[in-house]
Amino acid sequence: DFHHTVFYAACPVDQDRWVRRSMMPLAFDALLDVMTTRVSSDRLEKERSAVLSEASMVNKMEYRVECQILSALHEENRISQRFPIGKEELIRRWTTDDV
């Protein structure tokens, strides 16, 4: 659903086929960096502006028709009410603590 972000990391089990050193600790370190990053208020404002700008660009007839088709195809789940950009009123009021 669009309420969660899923991180997927594909990494080889071993760093080198000659040196059997596990890559898993490096993969977990990378995921930890993503999960513990704090967003500055300046960065949040830049991202908010970019997302809202994108939302206004896609708000055209073709996009609305696609949304209606997706709503009909996925009426049994949340995709029918929630599209990738999200709800504009929520995007406008998010704080760094929310992110």
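The accessible surface of the protein adds up to about 8500 Å², and carbon and sulfur atoms account for 56% of that area. These values come from a predicted model rather than an experiment. Of the 99 residues in the protein, 11% count as buried.

As for the overall fold, the protein has 4 helices and 0 strands. Read along the sequence, that gives the simple pattern α-α-α-α. Contacts reach well along the chain, too: taking those between residues at least 6 apart in sequence, 60% join residues at least 24 apart.

Part of the surface is a nonpolar patch, made up of Met61, Val65, Ile69, Leu70 and Leu73. Together, these five side chains offer about 460 Å² of accessible area. One of the patch members, Val65, sits in helix α3, which covers residues 61-73. Val65 has a relative accessibility of 38%, so it counts as partly exposed; the label applies because this value falls between the 20% and 50% cut-offs.

Arg48 tells another story. This residue belongs to helix α2, which runs over residues 41-58. Despite its charged side chain, is Arg48 buried or exposed? With a relative accessibility of 11%, Arg48 counts as buried, because the limit for that class is under 20%. Leaving aside residues up to four places away in sequence, Arg48 touches Ile91, Arg92, Arg93 and Trp94. Helix α2 thus contributes a buried arginine, while helix α3 carries the partly exposed Val65 of the nonpolar patch.

Terms used:
Residues are numbered from 1 along each chain as its sequence is written. This is a predicted model: local features need pLDDT of at least 70, side-chain atom pairs count only at pLDDT 80 or more; totals for chains, interfaces and linings use all residues. Side-chain values use heavy atoms; hydrogens and water are left out. Patches are made of residues with over 30% relative accessible area and no salt bridge: like charges are joined within 9 Å, nonpolar side chains (Val, Leu, Ile, Met, Phe, Trp, Tyr) within 5 Å. Accessible areas come from the Shrake-Rupley method with a 1.4 Å probe; for residues, only the protein chains shown count as cover. A salt bridge is a side-chain nitrogen of Lys or Arg within 4 Å of a carboxyl oxygen of Asp or Glu. Helices (H or I, at least four residues) and strands (E, at least two) are DSSP runs, numbered from the N terminus. Buried means under 20% relative accessible area, exposed over 50%, partly exposed in between (1.4 Å probe, protein chains only). Contact means heavy atoms within 4.5 Å.
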